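Me: Please take a close look at a single part of the model shown below, and set out how that part is placed among its surroundings. A formal and connected account would suit me best.

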Amino acid sequence: MKKNLMSVLIFALVLVNLAFTAVMTFSILPATKNANKLIEDVAKAIKLELSAGKPNGVSNVSMADLETYSINNGESINILLKKGADGKDHYAVVKAFLSINTKDEEYSTYKATVDQKDQIFREAITKAVGSRTKEEISDQSIKDEVAGEILEELQSLYNSAWIVEVGFADFLLQ
């Protein structure tokens, strides 16, 4: 008789546990969804990357899926740099290219109009490079930072990551 009474007591406790679990699920789940939506909205407002774990960049794209696009038809772009400590005008002469992921879903949308958007690419490069002085831009890490800024601007402009890298074929300072 004691074993049977103990089994009934355990069964009753399991049912109570199940009821409490159901109540918690239905009361906490909507609050959690609202909190997640709020976090996503705040992240979008401050432009945080929501795809932190997803592969991004040229190192994660197969060479067969990578295409390069020479900005300004491979011609040099002359950019007036910000005046430095010497107060003289200095120029950067750059040849830039984009590395494009041809397997990205967005690429097919923009493929036909890439040549027409060349002016936008040049403007992004001019703005990022021209905001530095000759002394600043002569450092390789700053060149990488500038390329990263250009990439971020283009990706945010298109709201897509089909452009995976901005690179400089030539970068001369005068």
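Reply: Helix α3 and its surroundings

The buried residues of helix α3 are D118, F121, A124, I125, A128, V129 and G130, where buried means under 20% relative accessible area, exposed over 50% and partly exposed in between (1.4 Å probe, protein chains only). The model is predicted, with local features requiring pLDDT of at least 70, side-chain atom pairs pLDDT 80 or more, and totals for chains, interfaces and linings using all residues. Residues are numbered from 1 along each chain as its sequence is written, and side-chain values use heavy atoms, without hydrogens and water.

The helix occupies residues 118-130; helices (H or I, at least four residues) and strands (E, at least two) are DSSP runs numbered from the N terminus. Its 13 residues should span 18 Å at 1.5 Å a residue, and because the end C-alpha atoms are 18 Å apart, the model agrees with that expectation (1.5 Å times one less than the number of residues). The cover over the buried residues of α3 includes the strands β1 (66-70), β2 (77-80), β3 (91-101) and β4 (163-173), together with the helices α4 (134-137) and α5.

Among these elements, α5 merits a separate description. Helix α5 comprises residues 140-158, and it packs against α3 at an angle of about 140 degrees, with the two axes 9 Å apart. Axes are lines fitted to C-alpha atoms, for helices over the stretch in contact, and angles run from 0 to 180 degrees between N-to-C directions. The two helices are therefore oblique to each other (under 35 degrees is roughly parallel, over 145 roughly antiparallel, 65 to 115 roughly perpendicular, the rest oblique). On the α3 side, the residues that meet α5 are I120, F121, A124, I125, K127, A128 and V129. Their counterparts in α5 are V146, E149, I150, E153, L154, L157 and Y158, contact being heavy atoms within 4.5 Å.

Helix α5 can be described in the terms already used for α3. At 1.5 Å a residue, its 19 residues should span 27 Å, and the separation of 27 Å between its end C-alpha atoms agrees with this. I142, K143, V146, A147, I150, L151, L154, Q155 and Y158 are its buried residues. They pack against α3, and also against β3, α2 (107-110), α4 and β4. Immediately after α5 comes N159, whose phi is positive at about 55 degrees.

Individual residues add detail to the picture of α3. T126 is placed within the helix itself and counts as partly exposed, at 30% relative accessibility. Apart from neighbours within four places in sequence, T126 is in contact with I77 and I79. Between T126 and A161, which are 35 residues apart in sequence, the C-alpha distance is 21 Å.

A further view comes from strand β3, which holds A96. A96 is buried, its relative accessible area being 4%. With residues up to four places away in sequence left out, A96 touches I125 of the chain as well as Y69, S70, I71, G167 and F168. From A96 to F121 there are 25 residues along the chain, and their C-alpha atoms are separated by 9.4 Å.

The loop between α3 and α4 contains R132 and T133. R132 is buried, with a relative accessible area of 8%, and T133 is likewise buried, at 9%. Leaving aside neighbours within four places in sequence, R132 is in contact with L81, K82, I137, I142, E145, V146 and E149. V146 and E149 are also among the α5 residues that α3 meets. R132 and A147 lie 15 residues apart in sequence, and their C-alpha atoms are 13 Å apart. T133, again without residues up to four places away, touches L81, K82, K83 and G84.

The strands β1 and β2, both part of the cover of α3, are joined by a loop that holds N72 and N73. N72 has a phi near 60 degrees, a positive value in a residue other than glycine, and N73, also not a glycine, has a positive phi of about 55 degrees. Their accessibilities fall in separate classes: N72 is buried, with a relative accessible area of 16%, whereas N73 counts as exposed at 68%.
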